[in-house]
Amino acid sequence: MRLLFCSGRYPASWIVRIITRSPWSHVALVTTLAGVDVVLEAREGYGVRMAPLALYRTGYRGTVEQVEVAGVDEAAAVRWAVQRLGDPYDWDELLWIAIRMVCKTGTRLPEDAWICSEFVRDALAVGGLRMRTGPGDYVTPGDLYRDVER
């Protein structure tokens, strides 16, 4: 299984990197379907979507890095992610994460809306790989980057 880590030159990316103290502002799953490399991601303005990886190679303003993750049942993770296509982006979760970061407490409430890092974390969990979370049960792109074995 591959993950795509992004560090954009966009205002929202900058804010995420500062708040999370991470060089990364976005994370997505990468897989190959019908011979085409695609990303499965939760993205503001789109929700959960599938897009050609080529979009990140040609139209993305910023840095991207692909990381291979061992020990994941990719078929199970991708199947789970595809079932969530069309789910909304979770704007409320961003505020809730900020509260959990400050208070170091609380948990993510189960729902059908996603931010990028929690979408990827949950897909990896379905594929058999459990990732650590912060004390408030949140995960950031930087947390995932540190946790995957490279």
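## Nonpolar cores

In this predicted model, the largest nonpolar core (buried Ala, Val, Leu, Ile, Met, Phe, Trp, Tyr and Cys residues joined through side-chain atoms within 4.5 Å) has 29 residues, and those with the most contacts inside it are Leu 3, Phe 5, Leu 29, Phe 119 and Val 120. Strand 1 (2–8), strand 2 (26–33), strand 3 (36–43), helix 3 (74–83), helix 5 and helix 6 each supply at least two of its residues, and the largest share, 5 residues, comes from helix 5. Helices are DSSP runs of H or I with at least four residues, and strands are runs of E with at least two, numbered from the N terminus. Apart from this core lies another, of 9 residues, including Leu 4, Ala 28, Tyr 56 and Tyr 60.

Residues are numbered from 1 along each chain as its sequence is written. Local features need pLDDT of at least 70 and side-chain atom pairs pLDDT 80 or more, while totals for chains, interfaces and linings use all residues, and side-chain values use heavy atoms, without hydrogens and water.

## Aromatic pairs

The structure holds 7 aromatic pairs (ring centres of Phe, Tyr or the six-membered ring of Trp within 6.5 Å; stacked under 30 degrees, edge-to-face over 60, the rest tilted). The rings of Trp 80 and Phe 119 are tilted, because their planes stand at 35°, with the centres 5.6 Å apart. Trp 80 belongs to helix 3 and Phe 119 to helix 5, 39 residues apart in the chain. Phe 119 is buried (under 20% relative accessible area, with exposed over 50%, partly exposed in between, 1.4 Å probe, protein chains only), with a value of 0%.
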